[in-house]
Amino acid sequence: MMRERCLVNRIAATCCLLVSAFWLTPAASAEDGYDLWLRHAPLTGESGQALRDLAPVITSVSGQSNGPGAKLAYAELQRSLASLGAGEANAGEATRASIVLQCGHSNGADREAFRIVPEQRGLRIVSPGQAGCLYGAFALLREISQGKPLMSVALDEHPAMPLRMLNHWDDPDGHVERGYAGRSIFDWWHLPELLDQRMIDYARANASIGINAVVVNNVNASPLFLTDRYLPKLKRLADAWRPYGIRLFVSARFSAPRDIGGLDTADPLDPHVRNWWKARADSIYAEIPDFGGFLVKANSEGQPGPQDYGRTHADGANMLAAALGGRGTVIWRAFVYSAEDETDRAKQAYAEFEPLDGKFAPNVILQIKNGPLDFQPREPFHPLFGAMPGTRKMLEVQATKEYLGFASHLAILGPMWTEALQADTGAGGNVADSVASGGMAGVANIGSDRNWTGSIFDQANWYAFGRLAWDPALGSEEIAREWAVQTFSVDPQFLSIVVPMMLESRQAVVDYMTPMGLAHLMGTDHHYGPAPWVCDLERPEWNPCYYHRADKSGIGFDRTATGSNALSQYAPAIAKAWIDPHAMDEDYLLWFHHVAWDFETQSGRTLWHELVSRYDRGVAAAEKLREEWNSLEQFVDPERFAAERALLAIQVKEAIWWRDASIAYWQSINGLDLPAGARPPAHDLAYYKALSFPEAPGQ
Ligand code: GCV
């Protein structure tokens, strides 16, 4: 199917080139986004000519061509180079370039590494393993797509971390928690008999950016996934993904021994419970020999866990680790907080886990969200990354944009994830260093929508996740450019507008939603739109007012020693940078400090005036995104262009809504006038409070 699509795309693109010769509209053919960054549109100009002249011939080193990675790499190069234009050979046989695949059979850590080595008339892709060969093929195609001459590609790469994993929050009935791209892509109803082609196209897309692990179900887990009924379904997927180097994981419900095992307890120290999990693991491995393991959300937001039996997180995780043995990994989430705990929610995960350092089995990895709260538009990095040196750790980020306007708003997350990965923990390295023996997990933004992610630009977040997990030192600009070239156009004029648009988009969202370190002001349940006024929910930390703490005198959460002292969870050198409200990075000001409305900020404006100016800056940035996109019509096919134009119009409307509703609310608290010249909110506060969104997706 994808092969036919490529052919159709090639014909369409060729027609497009012919048409453009007359009308200069290089992007006239419609596309629906299904092909992602793997469109491999024909190269034009000198690079296209050079590729046609070389018309590379692909071969495998004798005796090594039968492995799954070698076969896929061969097929991928054949079809994608042809799609890029290399199939239309100008060269005679004698002058054709050669691409040689040399793929070994290593199962060690080096199996994913690869080198691309230039040779006299061509190049060689060398890897000790099968997956590495496939990664090498995709890397070569990526380079060529950027216009790099085939003969000058030379790479030597290995992944920065062992697990580069997508977490799907998908339920058996097809619902996706916090998913904004339609229903689940997993058709549990028709599996195992029917394997949708999408499952292969999905694996191919993941492999192209180095993703090597997938958790197929929601961390709010249904025990169904551990039943015999699901084994053949899981096996079918695992078999389909194995050649692409992807291992399948399952979110495990901790109470499964009770829910489906006929036991009256799930106590991790109970021998019957331990035997039950061991037997379950054995059954899974009998069907899926390379099963990755379990992801567990325990004692968090109502999920069952070891604390239900007076045991610790380490007791729970180690019991599952023993059931898997050397065959797999337990990924235990650090996202916990409790209604009964009076302390700052942002402190609770550290308080619970830090004392357990060194107590987890070697095949347990602690999965920690990028910030201490919950995927906000901006948070400081989680203090656990600078702690627990005796524990393997993994960074969890969220591609779905639960708190950044869903798939409706353009917000490119590469800059946000880079901010986290490159944050100095004060413990001898940055966050990326601290997860080097664990990995990176991305809550997947993928659904049944034809374009996979709900909007074309949200594909860039899937792409950036894979690229950063492979190499956290990559720059956001480089990643955005790579993606934009492959997804849209290599035209320098187009790139000079779209790449900055992408890079600026996340800060725009921060500014119009939660400027200066504010957080969690989103509407209750659906997390869409402003609701800073909500203060009457049962659990304190469900209320936006818990986070902003605004009153007549000021605003912000005091996390210094005079308040919750969450600052003390960071290394002293790091805490020092945030302790002085006058000298610190003001992007985090109200995260760490409660300050007066007339506090003098670094711009010389009062805090109140500075806040208003940041809201205005955010709205202006959203308007600029819309205008810039509208100036790019000549470079983008009509279908994708129109879809994004419509979304950007929504974003502008909603940026204004965020600004106006927030300002109306703050004024109701502080009683202050707007700065001179500032536009008053379009409606009164009662209007914004009365808005409701029963159809908001993903809840
Ligand atoms: C899967 C947030 C989300 C929940 C999610 C939870 C988590 O609270 O709103 O939908 O549950 O994070 O990460 O476990």
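This report describes a predicted model, taking its open sheet, its barrel and its ligand site in turn.

## The open sheet

An open sheet is built from 5 strands, arranged in the order β1-β2-β4-β3-β5, with mixed pairing. The edge positions are held by β1 (57-60) and β5 (155-157); each has a single partner strand, so one side of each is left without a neighbour in the sheet. On average, neighbouring strands of this sheet are turned by 15° against each other, direction ignored.

At the β5 end of the order, β5 pairs with strand β3 (residues 114-119) in the antiparallel sense, over 3 bridges. Within these two strands, Leu155 in β5 stands opposite Ile116. The sheet is also crossed by a helix: α3 (residues 68-84) lies across β1, β2 (98-103) and β4 (122-127). The angle between helix α3 and β2 is about 160°.

## The barrel

A further 8 strands close into a barrel, in the order β6-β7-β8-β9-β10-β11-β12-β13, and their pairing is parallel. From one strand to the next, the twist averages 25°.

One pair in the barrel is strand β9 (residues 293-296) with strand β10 (residues 329-333), joined in the parallel sense over 4 bridges. Here Ile331 in β10 stands opposite Leu295. Helix α6 (residues 231-241) lies across two barrel strands, β7 (213-215) and β8 (247-251). Relative to β8, helix α6 runs at about 150°.

## The ligand site

There are 15 residues around the ligand, and those that come nearest are Glu177, Lys297, Arg333, Lys369 and Glu402. By class, this shell has 8 charged, 3 polar and 4 nonpolar residues. Arg333, one of the nearest residues, falls within the range of strand β10 (residues 329-333).

Polar side-chain atoms also approach oxygen atoms of the ligand. In Glu301, a polar side-chain atom lies 2.8 Å from a ligand oxygen. For Asp374, the distance between an N or O atom of the side chain and an oxygen atom of the ligand is 3.0 Å. An N or O atom in the side chain of Asn220 is 3.4 Å from an oxygen atom of the ligand. On its own the ligand has 340 Å² of accessible area, of which the protein covers 96%.

Technical notes: Residues numbered from 1 in each chain as written. Predicted model: local features only at pLDDT ≥ 70, side-chain atom pairs only at ≥ 80, totals over all residues. Heavy atoms only, no water. Near = heavy atom within 4 Å. Polar contact = N/O pair within 3.5 Å; in protein donor to acceptor, adjacent residues only side chain to side chain. Areas by Shrake-Rupley, 256 points an atom, 1.4 Å probe, with all protein chains shown as cover. Nonpolar A, V, L, I, M, F, W, Y, C, P; charged D, E, K, R; others polar. Pairing = 2+ DSSP bridges. Axes fitted to C-alpha atoms, helices over the stretch in contact; angles between N-to-C directions. Contact = heavy atoms within 4.5 Å.
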